Structure formats: C-alpha cells, structure tokens
Amino acid sequence: MSALGEPQKAGVSTLHRSDRLTVLNLVWGPEMHLMPHNHNMWASIGIYTGAELNTFWRRSPDGLQQLGGKEMGEKEAVWLGETAIHSVTNPLSRLTGALHVYGGDFFAPGRSEWDDETLREAPYDSEKLVRLFEESNTRLDELKAAGAL
C-alpha cells in the first residue's frame, strides 16, 4: 500500500499493459458486485487492503453452474486459469484494493459476461463496468456524507 497509496475511490488504474501482460490496481467500492465474467487468460489477484469474495462458475449444458467461492483478505491471493469464470463482491462497507495481473491484454476483445439473474452470456461490456464504478463512487460519497465512513 505504501507504493500505491490508500485507495480514495473505486476504479481501475492500468499500471502496465502489453500483449503479454496487464497489471491493474483495482479498487472495489463498498459492497460493489461484478457479474460473472471470464478473462480468457490466466490471472493472479492479490488483496492489499479490504476483502474480496470470488464466486466461481463453469459452463454447463444448462448455462452457468456455481462451483464454490473463496473469500480473500489482506495479503491473500488467488490464481485463475484461462478458462475460469468468476463473479466478484466486496463484502465490506469500505473500499477494497487489489492488484490484478493478467497473462495477456486484459482490454482486448473476446471476453464474456453473464447476467446475474438469467445467467445469459453476452459480450463483455466495458462501458457497463465504468457505470458500475461510477455508481459505486456515488454510494461511497453518500456514505461519507452520512458519516458512515
């Protein structure tokens, strides 16, 4: 945290991007949730402040099937293989910061996301992700104004 600083708001900062490797500083807003999605490349995620709950999924003839989950706290990490599908939740009412390292260009097309309710697959929508972070920051500002943080 001394190198990155204390997170101030939810968002994604690109620390390195190439065809072979992407490194992101990702900060989840309070109780923020991201729908099931894939990366189509390996990933390693390490928490430096807060907590992250990952729910793992797999494709089945009937759509997605939930496999289990892993809650990570500070100084914990998880490895995801190329075929991994997961959803992410910040279970805390404060910011969670994590370093995400991907074995390729994270921003390249070809990824998928699944609707939380129907579990229907669709192309990954990066504009939707931006909106989720904006909504989370609005909620964060409201919590601060109410004295909850």
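**Exercise 1. Is leucine 15 buried, partly exposed or exposed, and what is its relative accessibility?**

Before solving, note the ground rules. This is a predicted model, in which local features need pLDDT of at least 70, side-chain atom pairs count only at pLDDT 80 or more, and totals for chains, interfaces and linings use all residues. Residues are numbered from 1 along each chain as its sequence is written, and side-chain values use heavy atoms, with hydrogens and water left out.

Solution.
- Step 1. Take the cut-offs: buried means under 20% relative accessible area, exposed means over 50%, and partly exposed lies in between (1.4 Å probe, protein chains only).
- Step 2. Leucine 15 has 46% relative accessibility, so it counts as partly exposed.
- Step 3. Place it: leucine 15 is in strand 1, residues 11-17. Strands (E, at least two residues) and helices (H or I, at least four) are DSSP runs, numbered from the N terminus.
- Step 4. Look around it. Leu4, Leu15 and Leu99 form a nonpolar surface patch with about 230 Å² of accessible area together. Such areas come from the Shrake-Rupley method with a 1.4 Å probe; for residues, only the protein chains shown count as cover. Patch residues have over 30% relative accessible area and no salt bridge; nonpolar side chains (Val, Leu, Ile, Met, Phe, Trp, Tyr) are joined within 5 Å, like charges within 9 Å.

**Exercise 2. Describe the overall build of the chain.**

Solution.
- Step 1. Count the elements: one helix and eleven strands.
- Step 2. Put them in order from the N terminus: β-β-β-β-β-β-β-β-β-β-β-α.
- Step 3. Check the compactness. The radius of gyration is 15 Å, close to the 15 Å that the globule rule gives for 149 residues, so the chain is as compact as a globular protein of that length. The radius is taken over C-alpha atoms, and the rule is 2.2 Å times the number of residues to the power 0.38.
- Step 4. Give the box: along the principal axes, the C-alpha atoms fill roughly 50 × 35 × 25 Å.
- Step 5. Turn to burial and surface. Of the 149 residues, 42% count as buried. The chain exposes about 8200 Å², and carbon and sulfur atoms supply 49% of that.
- Step 6. Consider contacts, meaning heavy atoms within 4.5 Å. Among contacts with a separation of 6 or more, 73% come from residues 24 or more positions apart.

**Exercise 3. Find the surroundings of histidine 86.**

Solution.
- Step 1. Histidine 86 lies in strand 8, residues 85-89.
- Step 2. Its relative accessible area is 1%, so histidine 86 is buried.
- Step 3. List partners beyond four places in sequence. Histidine 86 touches ten named here: Met35, Pro36, His37, His39, Ile45, Asn54, Thr55, Phe56, Trp57 and Leu80.
- Step 4. Pick out the polar link. The side chains of histidine 86 and histidine 39 are joined by a polar contact of 3.5 Å. A polar contact is a pair of N or O atoms within 3.5 Å; within protein, one must be able to donate a hydrogen and the other to accept it, and residues adjacent in sequence count only if both atoms are side-chain atoms.

**Exercise 4. Which residue pairs with arginine 17 in a salt bridge?**

Solution.
- Step 1. Apply the rule: a side-chain nitrogen of Lys or Arg within 4 Å of a carboxyl oxygen of Asp or Glu. The count comes to five salt bridges.
- Step 2. The partner of arginine 17 is aspartate 105, with the closest N and O atoms 2.9 Å apart. The pair links distant parts of the chain, 88 residues apart: arginine 17 in strand 1, aspartate 105 in the loop between strand 9 and strand 10.
- Step 3. Compare exposure. Arginine 17 is partly exposed at 48%, whereas aspartate 105 is buried at 15%.
- Step 4. Take another bridge: lysine 128 with glutamate 113, closest N and O atoms 2.7 Å apart. Lysine 128 sits in helix 1 (residues 126-145) and glutamate 113 in strand 10, 15 residues apart. Lysine 128 is partly exposed at 25%; glutamate 113 is buried at 5%.

**Exercise 5. Locate two residues with positive phi.**

Solution.
- Step 1. Recall the background: most residues other than glycine have a negative phi.
- Step 2. Glutamate 31 has a positive phi of about 55°. Glutamate 31 lies in the loop between strand 2 (22-28) and strand 3 (33-38) and is partly exposed at 44%.
- Step 3. Lysine 75 has a phi near 70°. Lysine 75 lies in the loop between strand 6 (63-73) and strand 7 (77-80), and at 83% counts as exposed.
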